Amino acid sequence: MSTLLLTEDETMLQDAARGFLDGAAPVSHFRKLRDAGQTHDAKLWAEMAQMGWTGVLVPEDAGGSDMGHAAAGVLAGELGKTLVTSPFISTAVIAATALRQVATDRARDALASIAAGDVIYGLAVDEGAKHNPEATELEARADGNGFRLTGTKGFVVDGSNADRLLVLAKTDAGLTLFDLPADREGISRVGQNMVDARDAAQVTFDNVQATGDDVLGSVDDAMAVLKLALEAGQAALSAEMLGLSAGAFAMTVGYLKERKQFGVEIGRFQALQHRAAHLWSETEITLSAVRHAGRKLDEDPDNATLAVSLAKARATQTAKLAVIEGVQMHGGIGMTDDFDMGFFMKRVRVATEWLGDYGYHAAKVAAARGF
Amino acid sequence: MSDDALNAFRAEVRTWLEENCPQEMRDGASGEDAIVWGGRNWKFKSEAQKLWLERMADKGWTVPTWPVEYGGAGMDRAHHKILLDEMRKMGARVPLQSFGIWMLGPALLAFGTHEQKLQYLPPIARGEVRWCQGYSEPGAGSDLASVQTRAESDGDHYIVNGQKIWTSYADKADCIFALVRTDRDAPKHLGITFLLIDMETPGVSTKPIRLISGKSPFCETFFDDVRVPKANVVGTENRGWDVAKHLLTHEREMISGGGQGLLGGRPLGAVLNAQDGGLTDPVLRAEAMACEVDALAVALTLERYKDQAESGGGVGDASAMLKYAGTELNKRRHELMMSAGGADALTWDGKHDGLAADWLRTKANSIEGGTSEVMLSIISRRVLGLPA
């Protein structure tokens, strides 16, 4: 296994990403989108494609940069620091990871479209309030040579903006993953008014027709493809959450150094110093778990479950602490909409639930550790 | 280093261990009696224990990363990892552990003269001399730099007078590395000297302190007109604080789990499952899961910092974080194990042999080597740059 330090390439990627995003997508950019009621920035997405980011997990022969999961984590982390809104994780990480495991021309074309920034994918897996792919009830009934899909998916991240949907459905003897155009007849999407001002949709399938060609991987064996795709998404989301923590923490420490009460900077008070130091410690520890998850997915993907769940479990806790402490240490101003801390808090809440919360992943860690 | 070369090294290590590690030393034991601490008065528990130490010391594998001329094997991190990995797979016991290896050695390597290294390091590597640490005093705990034990100049010697406390294993050690005050008029950090003292020198005496665990790992150490050669200064007179700080970063890593020493090796899962019928209490299970999540992440952080140190990046004040996180975690782990054990864990011996004493011992982890609160203050000032 490589070390848990960034490689030279990864450091260059990180610097380039930060430089670009500080100009093109600082937090003020997110605020503009939020105020305008927009959940997608097509120009930004095209620029991300141009820099090779959308192809970060696309093989080179399909036009991608194929930099790997650790690199995808570097990008997700930088996106998180300034609350960048994009379908990066849904499309460039989850869909790309699913598609590259399938050796068909259609999958290859889809990967090329992802690398080119020509397509947005949404992942339609969950139906209840909690992430639980195994509990899928949406049914794909056999119909002639094909299927008919009926049911409802909730919390489909990037579902309104998506051109295509990866849909998990129950078939005769298991679960099957479909790759469908989002505008196919019988599919209706309702964008949800999300606290983080991002795109998530409820998607209803009413007797939607699908053929064998629409199946990604094998019938009744969705997890053969989806497991790694979910883990890749969870790892990247953990990295984004660590970026969110870092973004919130930087604001908080900056405020401790500048805000004066009782005639001195509040950062002189030991009560606040120790809280800040504890928070920094948690961030450092989570960084190791996040790096490790990326490395494991790159080097031993069949055995990455423990590493990925460890990262997501830690990232949810650390990010939650970072935003709660962020608001508390800012005092009243942290509660105002004019101030950015609330954006971090709301994004962290959504990211916590997406693809499995703390309990979901801690249980996976415990199972892998034998108790 | 190519993968082929590393694989060849791995095969070589495995063969050597197979041929040289006595069967009795392959039980993975890590308790107080299982591991050799060494020293002039050390009594080996078995012939196998002695043989294992000698063979490993001959290879330089008791201190694999130290230079060969000082008793080590000059290994880089990649090779060291392989050695540790192969030893773990075999269940091979650590052949030797000591404060000389964990603390004095790294300080000497950084600050000692070539002659001092030649004189002191090989006996540490072979387990012939056992060291203890003379830092804390009754009036200098968290405020370590206010040590009052004084060393007054007398020709080419010092005359040392004063008292140290919490000196781990002082009653079993051959020598002590101590912080002494050599300039009482200078600011407190600038009048301290790092001095090596043989415990057999007239005027040195120790008295064990009985702790809540029933054990006495700590002592009071008294110096009464003790004559120490000035050649025993490490670094420069009055600049001992630099050496002390360097050593403290190693001590913190050791206490946080970098060494195999103080945290012990009870795997949480094994103890939890040792409860009859497995651990069923949902509250305890949830706490155990959370603890395991954090423990794994802290272990990875230790790995990452080692990678960083190896690559020349240095860890510096971040070691305060490892110390803080590792020791708080260890206390939490032992509270959980006691809960899981229930009434079975309430005896000094019995089903969970030694757990109660270990549990009590862990309470010192977040005090010794700098309290958790001192660690947080170090982080807030030196890492985060918050005003003092």
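This report walks through a predicted model with chains A and B, from annotated regions to single residues.

## Two annotated regions of chain A

Let us begin with what a database record says. UniProt, in an unreviewed entry, lists "domain: Acyl-CoA dehydrogenase/oxidase N-terminal" for residues 7-115 of chain A. The same kind of record places "domain: Acyl-CoA dehydrogenase/oxidase C-terminal" (unreviewed entry) at residues 225-367 of chain A. The table shows what the model looks like over these stretches.

| Stretch of chain A | Helix | Strand | Distance between end C-alpha atoms |
|---|---|---|---|
| Residues 7-115 | 66% | 0% | 23 Å |
| Residues 225-367 | 79% | 3% | 22 Å |

## Where the chains meet

How many residues of chain A are in contact with chain B? There are 33 of them, and they meet 32 residues of chain B. On the chain A side, four helices each supply at least two residues: α7 (223-258), α8 (270-299), α9 (305-330) and α11 (358-368). Helix α8(A) makes the largest contribution, with 14 residues. Sorted by class, this side of chain A has 16 nonpolar, 10 polar and seven charged residues.

## Nonpolar cores

Now look at the buried nonpolar residues. The largest nonpolar core holds 153 residues, and L75(A), V93(A) and L166(A) have the most contacts inside it. Helix α7(A) gives the most to this core, namely 19 residues. Take L166(A) as an example: leaving aside neighbours within four places in sequence, L166(A) is in contact with A95(A), A98(A), Y121(A), L123(A), A124(A), L177(A), D179(A) and L216(A). Apart from this core lies another one of 71 residues, including L53(B), L121(B), M199(B) and V243(B).

## A helix pair in chain B

Two packed helices can be described by the angle between their axes and by the distance between those axes. In chain B, helix α9 (residues 319-341) and helix α11 (residues 372-383) pack at an angle of about 145°, and their axes are 8 Å apart. The crossing of α9(B) past α11(B) is left-handed. From α9(B), the contact uses A320(B), M321(B), K323(B), Y324(B), T327(B) and E328(B). From α11(B) come S372(B), M375(B), L376(B), I378(B) and I379(B). Seven residues of this contact are nonpolar, two are polar and two are charged.

## Three residues to find

Start with V195(A), in the loop between β6 (187-191) and β7 (200-210) of chain A. Is V195(A) buried or exposed? It counts as exposed because it has 12 C-beta neighbours inside 10 Å, and a residue with 12 or fewer is called exposed. Not counting residues up to four places away in sequence, V195(A) touches K346(A), R349(A) and V350(A). The C-alpha atoms of V195(A) and A289(A) are separated by 28 Å, with the two residues 94 residues apart along the chain.

Next comes N207(A), found in strand β7 of chain A. N207(A) is not a glycine, yet it has a positive phi of about 55°. N207(A) counts as exposed because it has 11 C-beta neighbours inside 10 Å.

Finally, Y169(B) also has a positive phi of about 55° although it is not a glycine. Y169(B) sits in the loop between β3 (157-168) and β4 (175-181) of chain B. Why is Y169(B) called buried? Y169(B) is buried because 20 other C-beta atoms lie within 10 Å, and 20 or more is the cut-off for that label.

Definitions and conventions. Residues are numbered from 1 along each chain as its sequence is written. Chains are lettered from A and ligands numbered from 1 in the order in which they are written. This is a predicted model: local features need pLDDT of at least 70, side-chain atom pairs count only at pLDDT 80 or more; totals for chains, interfaces and linings use all residues. Axes are lines fitted to C-alpha atoms, for helices over the stretch in contact, and angles run from 0 to 180 degrees between N-to-C directions. A crossing is left-handed if the near helix is turned anticlockwise from the far one by less than a right angle, and right-handed if clockwise. Two residues are in contact if their C-beta atoms, placed from the backbone, lie within 7 Å. Ala, Val, Leu, Ile, Met, Phe, Trp, Tyr, Cys and Pro count as nonpolar, Asp, Glu, Lys and Arg as charged, and the others, Gly among them, as polar. UniProt positions are given in the numbering used here, feature names are shortened, and annotations may be inferred rather than shown by experiment. A nonpolar core is a set of buried Ala, Val, Leu, Ile, Met, Phe, Trp, Tyr and Cys residues joined through C-beta atoms within 7 Å.
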